[in-house]
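Reader: I am in my first year and still learning to read protein models, so could you take me slowly through one part of this chain and show me how the rest is arranged around it? I would like to look closely at the last helix and at what lies under it.

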Amino acid sequence: MEPSREQERVITSKLDINSGSDPSSCTFTLHNEDHTIGNTLRYILNKSPEVSFVGYSVPHPSEPKMNLRVQTVGPPATSVLHAALGSVYEISDHTLTLFDESLQKFRDQQQH
């Protein structure tokens, strides 16, 4: 089904953005993603006071895509998603740093 004239459709290799005339409400389709990133983004976005609704779905296990619906109380949904992705990156980077430090500490203890 073709998007209406009011809808904007941005297509990249990893992400489709479907928005109507209201930029505070968008549906994002992330290709080759699943519940791992879906639930993570849902959790981070739910904590934001700018978000009034967030939900995600994986249409079918054999279909490699995940749909994420974001509605905000004012700011553009794309900006809020961008900030949430930044938070996920920071949390992941911190977790990886802690893991690497702990692994090195464990290895050092095993050598002594």
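Author: Among contacts in the chain between residues at least 6 apart in sequence, 46% join residues that are at least 24 apart. The model is a predicted one, and in it the chain has two helices and five strands, which follow one another from the N terminus in the order β-β-β-α-β-β-α. Of its 112 residues, 25% count as buried, while the accessible surface comes to about 7,900 Å², with 53% of that area belonging to carbon and sulfur atoms.

The helix you ask about is α2, which covers residues 77-111. One can check its geometry by a simple step of reasoning: at 1.5 Å a residue, its 35 residues should span 51 Å, and because the C-alpha atoms at its ends are 51 Å apart, the expected and the modelled lengths agree. Buried residues of this helix are A77, V80, L81, A84 and V88, and the buried residues of α2 pack against β3 (25-31), α1 (35-46), β4 (51-57) and β5.

This brings us to what lies under the helix. The largest nonpolar core has 18 residues, and those with the most contacts inside it are F28, L41, L45, V54, L68, V70 and L81. Two or more residues of this core come from each of β3, α1, β4, β5 and α2, with α2 giving the most, namely five. In soluble globular proteins, nonpolar side chains tend to be buried together. A good residue to follow here is L81, which, if residues up to four places away in sequence are not counted, touches F28, L41, L45 and L68.

The strands that the helix packs against are themselves paired. β3 and β5 run antiparallel and are joined over seven bridges, and one place to see this pairing is L30, whose bridge partner in β5 is M66. β4 is also antiparallel to β5, with six bridges between them, and here Y56 stands opposite L68 in β5; L68 is, as we saw, one of the residues that L81 touches. In a regular strand the side chains alternate between the two faces of the sheet.

Strand β5 covers residues 65-72, and N67 is placed within this strand. The side chain of N67 makes a polar contact of 3.0 Å with the side chain of T29. Leaving aside neighbours within four places in sequence, N67 is in contact with F28, T29, G55, Y56, S57 and P59, and F28 in this list is also among the core residues with the most contacts.

Y56 leads on to the other helix, since the side chains of H35 and Y56 are joined by a polar contact of 3.0 Å. H35 lies in helix α1, and with a relative accessible area of 47% it is partly exposed, because that value falls below the 50% above which a residue would count as exposed. Beyond its neighbours within four places in sequence, H35 is in contact with T40, Y56 and V58. H35 and S57 are 22 residues apart in sequence, and their C-alpha atoms are 7.9 Å apart in space.

Methods: Residues are numbered from 1 along each chain as its sequence is written. This is a predicted model: local features need pLDDT of at least 70, side-chain atom pairs count only at pLDDT 80 or more; totals for chains, interfaces and linings use all residues. Side-chain values use heavy atoms; hydrogens and water are left out. Helices (H or I, at least four residues) and strands (E, at least two) are DSSP runs, numbered from the N terminus. A polar contact is a pair of N or O atoms within 3.5 Å; within protein, one must be able to donate a hydrogen and the other to accept it, and residues adjacent in sequence count only if both atoms are side-chain atoms. Contact means heavy atoms within 4.5 Å. The expected span of a helix is 1.5 Å times one less than its number of residues. Buried means under 20% relative accessible area, exposed over 50%, partly exposed in between (1.4 Å probe, protein chains only). Accessible areas come from the Shrake-Rupley method with a 1.4 Å probe; for residues, only the protein chains shown count as cover. Two strands pair if DSSP finds at least two bridges between them. A nonpolar core is a set of buried Ala, Val, Leu, Ile, Met, Phe, Trp, Tyr and Cys residues joined through side-chain atoms within 4.5 Å.
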